[in-house]
Amino acid sequence: MEAVLRPITVVGGSLVVALVVVRLIDRTLLRIDTRHPETPLWGLLRRCRIPLRLMLAAALLLGSFGQTGIPVVVHHAVGIGQALTLVLIAATAWLLVRAAAAIVESSYARYAAGARDAARVRRVRTQVTLIQRVVTAVVIVVAAASMLLTFPQMRAVGTSMLASAGLLGIVAGIAAQSTLGNLFAGLQIAFGDMVRIGDTVVVDGQWGTVEEITLTFLSVRTWDERRITMPVSYFTSKPFENWSRGGAQMTGAVFFHLDHSAPVEKMRQRLHELLQECPEWDGRSWSLVVTDTTPSTIVVRALVTARDADAVWTVRCQIRERMIEWLRTEHAYALPRIATAPAPSAEENRRAMPPGPAAGPDGAGAH
């Protein structure tokens, strides 16, 4: 009877203790989250329930599985202990990644809720995202190295590899030159404030919004919902346009090619009326001037301002559409025209020619 009850008590007791402890911690976090809704940290930390259960269960079983008294367990104690150690290391790494993500997300949420500068919010978001990725990568690498070192064979391999560390370092540096370049470029972008998540950029002639920044690549979502993925080193080695740098406000231009008789002053008044009816116009500035002339038309330029690139695009489209409609219905004569007429005949050309000098008897003209 004791041979049956002891394994059940040891294994079952370890699992029950792990479940009860995690349950109490979860209930405590829930109460704190209810009392302090201003910070999302406590609610985010509740995501650590599963890795915490696994870590506690593995730790308790690692310290007590030898007490089960089962012959098979005693005979394979080394293998079982190593397996539980691997599970413990993996669960601990999982727990650290979840906890770090909760802390980072909570810090960013509190900062974004109280910040008024949208550009600085995007900068902080980019930085905390890359910091979180760096922490995750470091934890995974350390956990993987720790798991490998639990194998005696790997320890011997590691000792032999240290003897040729110089050569391996040179080879690895050459092989990983591009990867390391992207890694440092990602850190430079994060803390150099060159480009941020949510910025409006123009790269290779494509206009879009920065959607994701990692340590190796950057994703830009274009206006037609395509995704352009490029290495982050592109933004540190080549010029690009950042329309959100120094503020999101923008100025847009609308050009009209009209007849010389176009009522410019009335157009100026009409533009002001249309802007008053446009909610996307931010009210900072506007103008309408004649910028160029050709033998058949004039070029009228209207300048409008808006809070960001999307809004200025909307304002430009509305002004262009409604101004053309107003000209067509109220001042149709102002629209450009191409004057055409039927080609004259040969007889009409002869009649239009000026008369020449009178001819003498010998065919020569009179002097």
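UniProt annotations may be inferred rather than shown by experiment. Keep that in mind for the transmembrane regions listed below, which come from an unreviewed UniProt entry. The structure itself is a predicted model. This briefing covers the annotated regions, a nonpolar surface patch and one residue with a positive phi.

**Annotated transmembrane regions**
- The unreviewed UniProt entry gives the annotation "transmembrane region" to residues 6–25, 54–74, 80–101, 130–149 and 161–187.
- In the model, residues 80–101 are 100% helix and 0% strand.
- The end C-alpha atoms of residues 80–101 are 32 Å apart.
- Residues 130–149 are also 100% helix and 0% strand.
- For residues 130–149, the end C-alpha atoms are 29 Å apart.

**A nonpolar patch on the surface**
- V17, V21, I25 and L60 form this patch.
- Together they have about 270 Å² of accessible area.
- Helix 1, residues 2–35, supplies the largest share of the patch, with 3 residues.
- V17 lies in helix 1.
- V17 has a relative accessible area of 41%. Partly exposed means between 20% and 50%, so V17 counts as partly exposed.

**A positive phi at E225**
- Most residues other than glycine have a negative phi.
- E225 is not glycine, yet its phi is positive, near 70°.
- E225 is found in the loop between strand 3 (217–222) and strand 4 (227–231).
- The relative accessibility of E225 is 60%. Exposed means over 50%, so E225 counts as exposed.

Technical notes
Residues numbered from 1 in each chain as written. Predicted model: local features only at pLDDT ≥ 70, side-chain atom pairs only at ≥ 80, totals over all residues. Heavy atoms only, no water. Patch = residues over 30% accessible without salt bridge, like charges linked within 9 Å, V, L, I, M, F, W, Y side chains within 5 Å. Areas by Shrake-Rupley, 256 points an atom, 1.4 Å probe, with all protein chains shown as cover. Salt bridge = Lys/Arg side-chain N within 4 Å of Asp/Glu carboxyl O. Helix = DSSP H or I, 4+ residues; strand = E, 2+ residues; numbered from the N terminus. Buried < 20%, exposed > 50% of the residue type's maximum accessible area, 1.4 Å probe, protein only.
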